[in-house]
Structure formats: structure tokens, C-alpha cells
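Subject: Structure handover

Hello,

Here is the structure for you to look over. My notes on it follow below.

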Amino acid sequence: MTSNNSAASFSASTAATTTSPSSQSIPPAAWGLLLLLASIWGTSFILMKKGLVVFSPLELGATRVSVAALLLLPFALQHVRHVERSRIKWLLLSGIVGTLIPAFLFAYAETKLASGLAGVLNALTAVFTLVVGAFFFGQRLTGLRVLGIGLGLVGTIVLMLLGGSGGEATPAGVGNAWYGLYIVAATVGYGVSVNVIKHHLHGIPPVAVTALLLLFIGGPALAFLLLGTEFLHKLATVPGAWAAFGYIALLATMSTAVAMVLFNKLIHQSTALFASSNTYLVPIVALGWGLLDGEVINGWHLLGMAIILLSVFIIHRAK
């Protein structure tokens, strides 16, 4: 679970730790929550892009983690005394590979990759959650699931081989497509984190899991931000720095604290499967923001997105 709380990662982890009715009618309010969540998570990628106008990838990543940790500090302090010591190592592992490292990887990716395409590649979390679960946690692989994994990789290759530039709003160059590998690596980290939460942190409320893992990584991130970067100097001297910081703070606030509350509410109003369907909506929102910001999306990009989303659909439905 990342500080930008990608929809796929957060959906998978919460669904894994939440029991929902197998079948029930979906109230209209749940549809409204679903669309609101997709809008929040889909906007994450354009907010990262705006933050990078002033701040370096290291500064952006550290800021996101620090702000998110401070926001959820009250929840962390409420639950930290009730967590068994044997689980702390799993919280730390989940925080590092599923939050801290991806925060920097996404920032590096979006220095060259269109934000809309970053939103599409983020959906690979569902693919790598299954792959990691199969290799390290004994999850069963069926023919349909293998098909879903294969399609996800094919869709990624289509996106990365046929261009990653986003037009005038993103530095041009065919080589930019390979910056998508940063996001692929981040989604592998999400896959590890989701499985760790499911198998080693079950029984802990999702809000507490997120708050606690941020508690363990937030201190080092904040210390690095204040002592190891030019963050404070840029805030004081660079025009537009406060606006860029506002984008990052909004990212951490909405995509972590607010979205977490909304997602848990959605789970209780509907089902885990219905809630996880935001995975299909987030890339559309991300692409829409990218288009409004001048990014160019061609037919190959749409084909790659369609293949990746088909793979996610198959994985979600496969038994």
C-alpha cells in the first residue's frame, strides 16, 4: 500500500482482509462512492506530475510518505500498543516495499513518462499480486489466471515498446517508454505488500495497517526530506514551490487518508469484488487528466490499456 495508494494495491489488500457478503444488491450510494474513489485515485498521477515541476523525485517521494504518515499518526498511536511484536517485521516489510520504494519509483517514472500511461501501468498490481502469491505464498494458479498474467505482460510490452512520450507536456523520446519499468517494479512491490498483509497481518483493520506501516517509515522519510534534500530551500526560494507542495500534500491527503475511509465504507455498502472494480476506472481518469494537460494518447496506448484491463478482469474473475 503506497502513499499515493494506488487503487489496485489498496483494493486488493483491503479485500484480502475484509469479509463481504457473497451477494447483495448494490445501493446507488455505493456507485457514487465507487466513482468518487476512482476520481481520487485516478487524479494521483497528474498530481505527481505537477509536484515534479519543482521538486526532485527523491523530494517528492519523501514528501508524500512524510505527509501521509503525519496525517495518520493519531491512528498509528491508537493501535501501536496492540500489535504483536512478531508482526512488526511484516509491517516494516510492507511499508518499505509497498509504500516507501514505490513512492520514489513512481516519481522517477513520471519525470519522463506521461502521467496517463503511469495510471494504466499501475493496474499491473493485480497481476503481480497473483504472481507473488503463487511463487511465495502457495496461491493456486489456474489456466485462466495464467492467461490473465500473460495478457498483463503483453499489454505492458505494447505500451512500452510503442512509445511512452506524452506530447509537449512530457519530454519526448521513444526511450521514455522504458521509464515504465520503474512502475512495473513498483507494482511488484505492491504485490509483495498485498500478500504480506493478507497472510501475516490478517485481523488488523486496514486503517491500522496503513497507519502503522507509515509510522515505521515516516520518521526516516521526514528526516531525509528535511536534512538530506533541498526541500526547505526550494520552499523558501523557488517560485511555485508552495503550489507544487500543495499538489503533493493533496495527493497524500486524498489518496491515503480520505480514500481509505471511503474505500472501507464502500466495502461495507457493497462487496469486495464490486469495490475492486475501481481498478478499471482509475486508468480512464488518469488518461483523461493527461489529455487535459496536453499528453498525447495514441491507438497503441489504448490497445495496451485494453489488454492490461482485460488481464485484470480475468484475474479477478478466475477461480
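Start with Thr-156, which counts as buried because its relative accessibility is 9%, under the 20% limit. Keep in mind that this is a predicted model. Thr-156 sits in helix H8. Leaving aside residues up to four places away in sequence, Thr-156 touches Leu-121, Leu-124, Val-184 and Ile-308. One of those partners, Ile-308, is itself buried and belongs to H15.

Overall picture

The protein chain has 15 helices and zero strands. Of its 319 residues, 56% count as buried. Contacts reach far along the sequence: among those between residues at least 6 apart, 89% join residues at least 24 apart. The accessible surface comes to about 12,900 Å². Carbon and sulfur atoms account for 71% of that surface.

H14, H15 and the loop between them

H14 has 15 residues. From its first C-alpha to its last, H14 reaches 21 Å, close to the 21 Å expected at 1.5 Å a residue. Its buried residues are Asn-278, Thr-279, Tyr-280, Val-282, Pro-283, Ala-286, Leu-287 and Gly-290. After H14 comes Gly-294, with a positive phi near 95 degrees.

Glu-295 lies in the loop between H14 and H15. Is Glu-295 buried or exposed? Glu-295 is buried, because its relative accessible area is 3%, and the limit is 20%. Where does the side chain of Glu-295 reach? The target is the backbone nitrogen of Gly-116, at 3.1 Å. Helix H6 covers residues 115-121 and is among the elements that cover the buried residues of H15.

H15 runs over residues 299-317. Its 19 residues should span 27 Å at 1.5 Å a residue, and the end C-alpha atoms are 27 Å apart, so the two values agree. Buried in H15 are His-301, Gly-304, Met-305, Ile-307, Ile-308, Leu-309, Ser-311, Val-312, Ile-314 and Ile-315. As background, an α-helix has 3.6 residues a turn, so residues three or four places apart point the same way. The cover over the buried residues of H15 includes H6, H7 (125-136), H8 (143-161) and H14 (278-292).

Nonpolar cores

The largest nonpolar core holds 62 residues. Which members touch the most other members? They are Phe-55 and Leu-266. Helix H2, residues 28-51, gives the most to this core, with 10 residues. A second, separate core has 25 residues, including Ala-69, Leu-212, Leu-213 and Met-260.

Phe-55 is worth a look on screen. Not counting residues up to four places away in sequence, Phe-55 touches Leu-60, Phe-231, Lys-234, Leu-235, Ala-241, Ala-244, Phe-245 and Ile-248.

Aromatic pairs

The structure holds eight aromatic pairs. Phe-55 and Phe-231 form a tilted one, 5.4 Å centre to centre with 35 degrees between the planes. This pair links distant parts of the chain, 176 residues apart. Phe-55 is in the loop between H2 and helix H3 (57-71), while Phe-231 is in helix H11 (residues 231-237). Both Phe-55 and Phe-231 are buried.

Phe-106 and Tyr-190 form a stacked pair. Their centres are 6.2 Å apart, with 20 degrees between the planes. Phe-106 lies in helix H5 (residues 85-109) and Tyr-190 in helix H9 (residues 180-200), so the pair ties together parts that are 84 residues apart in sequence. Phe-106 is buried, with a relative accessible area of 0%. Tyr-190 also counts as buried, at 0% relative accessibility.

Ring pairs also build a cluster: Phe-55, Phe-231, Trp-242 and Phe-245 are linked in this way.

An exposed proline

Pro-220 is in helix H10, residues 206-228. Is Pro-220 buried or exposed? Pro-220 is exposed, because its relative accessible area is 51%, and the cut-off for exposed is over 50%. The C-alpha atoms of Pro-220 and Val-65 are separated by 9.7 Å. Along the chain, Pro-220 and Val-65 are 155 residues apart.

Best wishes

Technical notes
Residues numbered from 1 in each chain as written. Predicted model: local features only at pLDDT ≥ 70, side-chain atom pairs only at ≥ 80, totals over all residues. Heavy atoms only, no water. Helix = DSSP H or I, 4+ residues; strand = E, 2+ residues; numbered from the N terminus. Expected span 1.5 Å × (residues − 1). Buried < 20%, exposed > 50% of the residue type's maximum accessible area, 1.4 Å probe, protein only. Contact = heavy atoms within 4.5 Å. Polar contact = N/O pair within 3.5 Å; in protein donor to acceptor, adjacent residues only side chain to side chain. Core = buried A, V, L, I, M, F, W, Y, C linked by side-chain atoms within 4.5 Å. Areas by Shrake-Rupley, 256 points an atom, 1.4 Å probe, with all protein chains shown as cover. Phe/Tyr/Trp six-rings, centres within 6.5 Å; stacked < 30°, edge-to-face > 60°.
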